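Me: Hi! Could you help me look through this protein? I'm new to reading structures.

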Amino acid sequence: MTKPRAFGVIAQFSCPARFWRNTTAINYDLAPAWLPWSAVDPNSIAFAWDEAEASEITTVIASMVPSDGAGWEEKHRFTTEVTALLAARYGRWACGWHWAVGEGGGGGVVTSWCCTSHSVGGPAATAANVVASLLEWRDWLEELDERFEELAPPAGADAEERSWHLERAATRLVSVVVDRTAAECGWYGLCGTVLTWFLSFAGIGPEGAKTAVDTAIGGRFKSWTVPSRTLIDAVGEELAIDLTVEQPYREH
């Protein structure tokens with residue numbers, strides 16, 4: 001899972017309050033749903049991790065945990081500060097460490113963290129949860145990278161073949177997100193991000209990728225609702241046609 005790298009430092013930005021569940025309210029650039037693939041690509045942003053690093057970061061995080069009886073604001077400040085710490089130490093990709101499944105986590109994929117009210121407790125346990133969540137998030141990014149590599153259209157593919165690959169990729173990635181999130185509250189946000197990242201991986205510019213994904217999904221995915229196979233297929237087909245102006249070749 002881990003790859004060697006030098007730790008970096010990032011700039012500080014302000015962030016809209018509506019991302020309180022899964023980002024820091026201090027750094028605008030640390031909203032995982034808004035990060036470009038280039039900021040989370042594990043192939044270009046390696047991650048050094050060993051027992052010494054685990055011990056050091058766990059100790060630092062434990063020292064930041066608010067005292068017993070702390071209110072929501074203090075606990076939220078803790079997650080904000082931890083997000084900034086992890087992003088500065090490892091890279092912006094780390095800001096997704098608490099993009100957790102369900103309403104409390106903002107509709108993400110992490111299961112080792114729940115939400116501020118339930119996950120912030122004693123220093124040792126809280127620090128262990130943060131570390132587990134960070135590693136889980138990194139594993140997710142590495143899994144996505146492998147899937148993207150497998151699903152991306154091959155170099156030199158004509159429009160029809162490219163359309164087929166894009167449709168197949170979209171339907172499989174939507175299914176993966178549904179499976180990993182159980183289609184709980186807000187899951188479609190993660191789904192849109194994953195599809196946008198994949199299109200960027202496949203060579204489509206970030207703005208074009210986001211527009212295509214937003215158009216294909218079109219508000220048809222809902223919280224607490226597993227989309228039908230027909231709907232997933234329709235989203236994949238519409239995305240492919242929009243990007244290639246070609247109907248996917250069914251008998252490929």
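**A chat about the helices and loops**

Reply: Happy to! Let's begin with Trp224, which counts as exposed because its relative accessibility is 58%. Keep in mind that this is a predicted model.

Me: Cool, where does Trp224 lie?

Reply: Trp224 is in the loop between H8 and H9. Its phi is near 60°, a positive value in a residue other than glycine.

Me: And Ala183, is that one buried or exposed?

Reply: Ala183 counts as buried, because its relative accessibility is 1%, and buried means under 20%. Ala183 is found in the loop between H6 and H7, and it has a positive phi of about 55° although it is not a glycine.

Me: OK, on to H9. Which of its residues are buried?

Reply: They are Leu231, Ile232, Val235, Gly236, Glu237, Leu239, Ala240 and Thr244.

Me: What do those buried residues pack against?

Reply: The buried residues of H9 pack against helices H6, H7 and H8. Just after H9 comes Val245, with a positive phi of about 55°.

Me: New topic: at what angle do H2 and H5 pack?

Reply: The angle is about 125°, and the axes of H2 and H5 are 8 Å apart. H2 and H5 are therefore oblique to each other, and their crossing is right-handed.

Me: Which residues make that contact?

Reply: From H2 there are Ile57, Thr58, Ile61 and Ala62, and from H5 there are Pro123, Ala127, Val130 and Val131. By class, the contact of H2 with H5 has seven nonpolar residues, one polar and no charged ones.

Notes
Residues numbered from 1 in each chain as written. Predicted model: local features only at pLDDT ≥ 70, side-chain atom pairs only at ≥ 80, totals over all residues. Heavy atoms only, no water. Axes fitted to C-alpha atoms, helices over the stretch in contact; angles between N-to-C directions. Helix = DSSP H or I, 4+ residues; strand = E, 2+ residues; numbered from the N terminus. Parallel < 35°, antiparallel > 145°, perpendicular 65-115°, else oblique. Left-handed = near helix turned anticlockwise from the far one by under 90°. Contact = heavy atoms within 4.5 Å. Nonpolar A, V, L, I, M, F, W, Y, C, P; charged D, E, K, R; others polar. Buried < 20%, exposed > 50% of the residue type's maximum accessible area, 1.4 Å probe, protein only.
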